[in-house]
Amino acid sequence: MKIINKLLLFVALTASVILLSSCNLADSLTTLPVNIPISVNFSTGGNNSTVAGSSEFCLENNETFQKYQDKIKKIKIVKIAIRTVSYSPQDMKGDLNVSVKDDQGNVLFSESLTDINPGDYINTPFEFTLSASEIEAFDNYLQSVLDANRSICFTGSLNLQITNGNAPYVFNGALDVVFEAETEL
Amino acid sequence: MKKHLSWLIITLLFASQVNAQLEDRFGYLLEKDLSAYAQPLATSLGVAFNSGGYHDASVSKLFGFSIGVKGMFIFIPDNQKTFTPQGLPAGYNATEETATIYGNKGAAYSGPLGYLTYPPGLDRSWVPAAFPQATVSVLGTELLVRYLPTIKVGDEELDLFGFGIKHSVSQYIPLLPVDIAVQFLYNKLTITNLLDVKNTAFNIHASKSLGVLLVYGGLQYESTSVDFTYKFTDPNGISPGQKNQEITLSLNGENSFRVTVGAALKLAFFVLNADYSVGSQGVFTTGFSFEF
């Protein structure tokens, strides 16, 4: 009789675990974390030894964001990288500053790279390591804008102080950013 | 009502909002990467439907009948939660692994066209499954049937049908201390415009009755083929020419052989059983049936 009671208890526990895991699975089937990659292009150039450019970008312009816009519960930054599209002269070198501001002009991210060769970042973009405070700044802005139901827009800027090569200078680059949106299907 | 229906179907076939979930995730990938991404799911479907075929090798020589439910708990090994993409364009390197359907985060790879992102997984270490089945036995041969009436899943329809034939071998061998039987199983699950799963299995199993307790075990060869149909939505913009193209991908499950051990408790007309099968994905199966 003891064996029977133990077996019944075992089966009941197993059934409970299966039911609980089914509910847990139901949760994982109703949420979908979506990666949203965005690229912002910059065209800069001139005869001065400093070339600079900025560009505004909004998540609303991204097709993936549009698809899930009404279902997004949370959004956060995942990765950010700078990429060279084209440049001249070929022996150009310099110090690069990249920054991202929110729609109120607050700086969310600002990083500098010294003595870079732009050609190094054509096939292999430079991926920045986001600090905890940068992640927090991004995520706070993203959540506040999402809660206020406003457009999520940023201004990306780059500034290249050229230390090698002769004018005229051309530097076309791109800022690549990945956001992760938690959506509820 | 929809929620209840979803829960019911999850419990039955871990496939409620699977339709939308799979379409959204599959849409990122072309065949080469989808093969790796969806492979563990193909295996799980095979593991589920090839489970629960037996708990007793004794087959009635006159007439027998049973009806019940089989529930499964399929364990996903860690090495089936990630994969290395093979479909990245030139200039991209798979610097890290990305999630399969059962993994967690989808990776983002940096390269000359910007970031390319891969879909996330369901973040599962196990998946449940369950389905009803009934058997009728006559003259040492048993017919098993698994069936669900057509169920609407969103705009699609879900159908399940399966059968098995078991024959007692031990009836031909006098004084054998255990019962032995062989069994063939076939199952088919279809969710229109999403997946079509076909499973076959052949096993030999033995059981020994010890009062109300029955111990059993078996060896099983099995195969699973899954056709996934999905629309390539190309969120990364890597192949505009194929955007919105409907793709059908055929995959074979990695489940090919399993060893099962288990025990059943016979209480008058009711039988409770539990077993564990070792294979590509381990599966714990329980069953509750009314038998005579």
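The following conversation between a trainee and a mentor goes through some features of a predicted model.

Trainee: What makes up chain B in terms of helices and strands, and what box do its C-alpha atoms fill?

Mentor: Chain B has three helices and 15 strands, and its C-alpha atoms fill a box of roughly 75 × 40 × 25 Å when the box is taken along the principal axes. The accessible surface of this chain comes to about 12,000 Å², and carbon and sulfur atoms account for 63% of that surface.

Trainee: Why is Ser168(B) called buried?

Mentor: The relative accessibility of Ser168(B) is 5%, and a residue is called buried when that value is under 20%, so Ser168(B) counts as buried. Ser168(B) belongs to strand β8 of chain B, which covers residues 156-168. If residues up to four places away in sequence are left out, Ser168(B) touches Val59(B), Gly140(B), Ile180(B) and Ala181(B).

Trainee: How many of the residues in chain B are buried, as a percentage, and what can be said about its contacts?

Mentor: Of the 292 residues in chain B, 54% are buried. As for the contacts between residues at least 6 apart in sequence, 61% of them join residues that are at least 24 apart.

Trainee: What makes an empty space a cavity, and how many cavities of 30 Å³ or more does the structure hold?

Mentor: A space is called a cavity when a 1.4 Å probe fits there but cannot get out, and the structure holds four cavities of 30 Å³ or more. The second largest cavity has about 70 Å³ of space, and its lining includes Asn50(B), Tyr54(B), Leu185(B), Arg258(B) and Asp275(B). The elements that give two or more residues to this lining are β13 (257-267) and β14 (270-278) of chain B.

Trainee: Why is the space with a volume of about 410 Å³ called a pocket, and which residues lie nearest its centre?

Mentor: The space of about 410 Å³ is the second largest pocket, and the word pocket is used because such a set of points is open, with protein on both sides within 12 Å along at least five of seven lines. This second largest pocket is lined by 28 residues, and those nearest its centre are His55(B), Ser66(B), Thr135(B), Glu142(B) and Glu291(B). Two or more lining residues come from each of β1 (63-75), β6 (126-138), β7 (141-153) and β15 (283-291) of chain B, and β1(B) gives the most, with six residues.

Trainee: How do you know that the peptide bond from Ser88(A) to Pro89(A) is cis?

Mentor: The angle to look at is omega, which is near 0° for the bond from Ser88(A) to Pro89(A), and this bond is cis. Pro89(A) is found in the loop between β3 (72-88) and β4 (93-101) of chain A. A cis peptide bond also joins Ala167(A) and Pro168(A), where omega is about 0°, and Pro168(A) lies in the loop between β7 (153-164) and β8 (169-184) of chain A.

Trainee: What is the phi value of Asp115(A), and what is that of Asn193(B)?

Mentor: Asp115(A) has a positive phi of about 50° although it is not a glycine, and this residue is found in strand β5 of chain A, residues 107-116. Phi of Asn193(B) is near 60°, which is a positive value in a residue other than glycine. Asn193(B) lies in the loop between β9 (179-191) and β10 (195-210) of chain B.

How values were computed:
Residues numbered from 1 in each chain as written. Chains lettered and ligands numbered in written order. Predicted model: local features only at pLDDT ≥ 70, side-chain atom pairs only at ≥ 80, totals over all residues. Heavy atoms only, no water. Helix = DSSP H or I, 4+ residues; strand = E, 2+ residues; numbered from the N terminus. Buried < 20%, exposed > 50% of the residue type's maximum accessible area, 1.4 Å probe, protein only. Contact = heavy atoms within 4.5 Å. Areas by Shrake-Rupley, 256 points an atom, 1.4 Å probe, with all protein chains shown as cover. 1 Å grid on protein atoms, 1.4 Å probe; cavity = no way out; pocket = protein on both sides within 12 Å on 5 of 7 lines; lining within 4 Å. Points joined across faces, edges and corners; volume = space filled by probe spheres on them.
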